[in-house]
Amino acid sequence: MEQIALDMYLIREMAPLAKRTFSLNTDTVGTVDAWGTGFVNELNYVDEAINGKQFTESIQSTSLASVVFAPPVLEEYTTKKVLTTEWVVGERLDQSSKQDVTVLCSIAMNTYLTMMLETGTLHCDPHPGNLLRTTDGKLCILDWGMVTKLQPDLQVTLIEHMAHLTSSDYEEIPRDLLLLGFIPEDKADSIGDSGIVEVLADIYGAWTKGGGAAAINVNKVISQLQDLTAEK
């Protein structure tokens, strides 16, 4: 842990220099702090065990109770340095050839929305290797070392943001981004004149017309966002 703390300290010291050298339009120190906190927390396997157990318990009160779970923890064999769970027989969801994979992908999406908007504890490492299709056709989510807690007011803001997107109420999007912390408060007065509403309207409009990410001209969007940054 001492070596990790030293590494994070050195990276944090270099963060302002990296921002100046590469003209990064982001809070590099804040990013390092957030990453370091999550990294250190992920090394405590007792906390990981608690996170997985809490997920399985919280999901029981939803319609997903019978189709998704975290590996049951064997607490008597678990310490801060060793996590022991029951063996889960299954295969990576992205490598399975079973006919129900599409259904399980939908279940995964609903599960993450439920964590985000209902239970308030969000699994933050949803790469393909952490999503298993079990032999009985359920979804097992692995690796609960990195989670984030969403406060009720943030959950409400996320719900409102989704409602604004669904109803094409793009004028409310800047306020949503401000409340969600994507835009600093000192930039609040300039959001309306920044052109960000028009950029986001193009993106969300393409999504609502169907076609997913393929419907979006990524190069055009990047160009527009770079223009906004330059104007600042």
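Mentor: In this predicted model, a helix is a DSSP run of H or I covering at least four residues, and helices are numbered from the N terminus.

Trainee: Which residue just after α1 takes a positive phi?

Mentor: Helix α1 comprises residues 2-21. Just after α1, a positive phi of about 50° is taken by S23.

Trainee: What distance separates the end C-alpha atoms of helix α1, and why does it agree with the expected span?

Mentor: Helix α1 has 20 residues, and at 1.5 Å a residue these should span 28 Å, the expected span being 1.5 Å times one less than the number of residues. The value in the model agrees with this, because the end C-alpha atoms are apart by 29 Å.

Trainee: At which residue does α1 bend?

Mentor: The bend amounts to about 35°. A proline, P16, follows within four residues of the bend, which lies at A15.

Trainee: Which helix gives the most to the largest nonpolar core?

Mentor: The largest nonpolar core has 20 residues, and F55, V68, L139 and I141 have the most contacts inside it. At least two residues of this core come from each of α3 (45-59), α4 (101-119) and β5 (139-141). The greatest contribution, 6 residues, comes from α4.

Trainee: Leaving aside neighbours within four places in sequence, which residues are in contact with V68?

Mentor: Contact here requires heavy atoms within 4.5 Å. With those neighbours left aside, the partners of V68 are F55, I59, I107, T111, L139 and I141.

Trainee: How many residues are in the other core, which lies apart from the largest one?

Mentor: Among the residues of that other core are Y170, I196, V197 and Y204. Its total is 12 residues.

Definitions and conventions. Residues numbered from 1 in each chain as written. Predicted model: local features only at pLDDT ≥ 70, side-chain atom pairs only at ≥ 80, totals over all residues. Heavy atoms only, no water. Core = buried A, V, L, I, M, F, W, Y, C linked by side-chain atoms within 4.5 Å. Buried < 20%, exposed > 50% of the residue type's maximum accessible area, 1.4 Å probe, protein only. Bend = angle between axes of the 7 residues up to and from the residue.
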